[in-house]
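Me: I am in my first year and would like a close look at a single part of this model, followed by whatever else helps me to place it. Please take it slowly and connect the pieces as you go.

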Amino acid sequence: MVNIKINGMDVQAPEGSTILEAARLAHIRIPTLCYLKEINEIGACRICVVEVKGARTLVTACVYPISEGMEITTQSPKVIEARRNTLKLILSDHDKECLSCVRSGNCELQTLCQEYGVDDAHEYEGAMNEFELDTSAPHLVRNNNKCILCRRCVAACEKFQSVGVIGPNMRGFATNIGSAYGMPLGSTACIDCGQCISVCPVGALYEKDNTDDVFAAIADPEKHVFVQTAPAVRAALGEEFGYEVGTGVEGKMAAALRRLGFDGVYDTNYGADLTILEEAHEFLDRFKNGGKLPLITSCSPGWVKFCEHYFPDMTENLSSCKSPHQMQGAMIKSFVAKQKGLNPKDIVTVSVMPCTAKKFECKRDDEDGTGYPDVDVVITTRELARMIKRAGIDFRNLPDEAFDDPMGEYSGGAVIFGTSGGVMEAALRTAVYWITNDDTNTPVEFNEVRGMGGIKEATYTVGDVTVRVAVASGTSNARELLNRVKNGETQYDFIEVMGCPGGCINGGGQPQVTAEVRNFTDYRTARMNALYRYDEASAVRKSHQNNSLQTLYKEFLGDIGGEKAHHLLHTTYVKRGLYEEV
Ligand code: SF4
Ligand code: SF4
Ligand code: SF4
């Protein structure tokens, strides 16, 4: 331990700590903007400056290591003035339309300006950059007029995802963040994951907003509008309404959706159980009959697009299963339409997803089992929160309500789809039953594939069958894992990949977590735990025990993996290059 003084107080901190980390131990918050732990420690924005006795200039706390006897002041007039000046300089070239900005209320720049009493930048009036919005990608908008050049998005794209399609262009005052040579993002091999949006501290990056489309569909008397919500949404939506991170709000969410006026309020968990039946069947078929292995899951459209761009020679390894919400969309437009006597052309299916890549996925080819798009509109968790607020729904005081039949019933295996390892665990629960024909003495929990580790591996032996599995989340981990497979370093039978680090609980459409929370708390695990609590509380834990699905196959689909199921629930992939015309 190293002994230092912060603001005159004795503090001990582990050797190697930065001033920022040591101050946290003494419950002193030093503001940051560009700093993201482990991925963007660049000391560039200088909002975290502090005084160190004996140093000739102010130093940046996020990268400056402590040393024995160091005396630090974090709140002197000189420090405060320097931070104010930094904020004024940022604002001098910033589009300050806070009133309608998508980040107003949780913008890290706005919060700091409020804390430091900075409301404009008259002292630095002069030229301002004027950038055109980049709307070329299917999922996001880049508004560089609000960008503060912190480079957090660049770090996320490169280090979490190993995609690296964005970076700084030009020099000096003209510096801007974008793709190489100013190419539109939609022309690059971006995977639409939205991790850049998640880490942006301001309103420079945001999803393409489809909330007006949904309000319009609901108001159209000719349309029957059915909504479904992904497992991970319930683990994070509450954050938009002031609940602690990791609070599950499934019942209130269903109640809010009903009050928004949807004709059917369904749970994508039903689609997740359906995916398991089809995917576990596909796995056992390939495993027993010499099909292409390892089978790799296909629920995550960010991951699928990554595979298509960067590992096109492995697209045959992808499961042909559509993702759960696409399967469910196809079922709404076929099975539910038949049950309710509706024409699929009059049905609008809306998916609430933790994911921005789903906005791309619903427009892909071969995602239209009935001849109509399986899913018409995807909105993110953040957009749902916006709709609930705009509709004046008192979310916190809503009663807990259930989803509608026939797509409200789910197993615990379905709800854990929302976290890394969940799809694998759910598939194993069912595959083990199918191998052993025993549902009472076989395991439910497969702890080896749980948790926030980037790559997890396990080997399971059931009877005379041994299965080697791996789980990766974040495409940079997926890249490492697939390279190992391609190089023959290791062999697996079944791999789960989720595009976002930690899985959908940390998807690019989830409520934004400020750097303050991101850097110093394990918010991913808190959200993950909310899903495992739902799993433990479920009367049925295994997908094949979902009674509604048994009815679906008996009355409508026929055999699992059969011809009708294949037509409606499976899809195809594309081998892409690294650049695309838009
Ligand atoms: S990014 Fe922040 S400071 Fe800028 S307009 Fe939006 S809310 Fe205001
Ligand atoms: S959406 Fe994902 S891949 Fe595309 S620029 Fe953002 S972080 Fe990179
Ligand atoms: S877009 Fe956002 S995250 Fe990226 S550099 Fe600009 S302000 Fe930072």
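Reply: If the neighbours within four places in sequence are left aside, Asn3 is in contact with Asp10, Gln12, Glu68 and Gly69, and this, like everything that follows, is read from a predicted model. Asn3 itself belongs to strand 1, which covers residues 2–6. Its surroundings contain 13 other C-beta atoms within 10 Å, and because a residue counts as exposed at 12 or fewer and as buried at 20 or more, Asn3 is partly exposed. Arg46, by comparison, lies 43 residues apart from Asn3 along the chain, and the C-alpha atoms of the two are separated by 25 Å.

Two other parts can be described in a similar way. Helix 8, residues 268–289, and helix 10, residues 324–340, have axes that come within 8 Å and cross at roughly 100 degrees, which means that helix 8 is roughly perpendicular to helix 10. On the side of helix 8 the contact is made by Thr268, Tyr270, Gly271, Ala272, Leu274 and Thr275, while helix 10 contributes Pro324, His325, Met327 and Gln328. Sorted by class, this contact holds five nonpolar and five polar residues, with no charged ones.

The other part is the shell around ligand 2, where 13 residues surround the ligand and the closest are Cys157, Val163, Cys190, Cys193 and Cys196. Helix 4 (152–160) and helix 5 (195–199) each supply at least two residues of that shell, whose classes are nine nonpolar, three polar and one charged.

Key: Residues numbered from 1 in each chain as written. Chains lettered and ligands numbered in written order. Predicted model: local features only at pLDDT ≥ 70, side-chain atom pairs only at ≥ 80, totals over all residues. Near = placed C-beta within 6 Å. Helix = DSSP H or I, 4+ residues; strand = E, 2+ residues; numbered from the N terminus. Nonpolar A, V, L, I, M, F, W, Y, C, P; charged D, E, K, R; others polar. Axes fitted to C-alpha atoms, helices over the stretch in contact; angles between N-to-C directions. Parallel < 35°, antiparallel > 145°, perpendicular 65-115°, else oblique. Contact = placed C-beta atoms within 7 Å.
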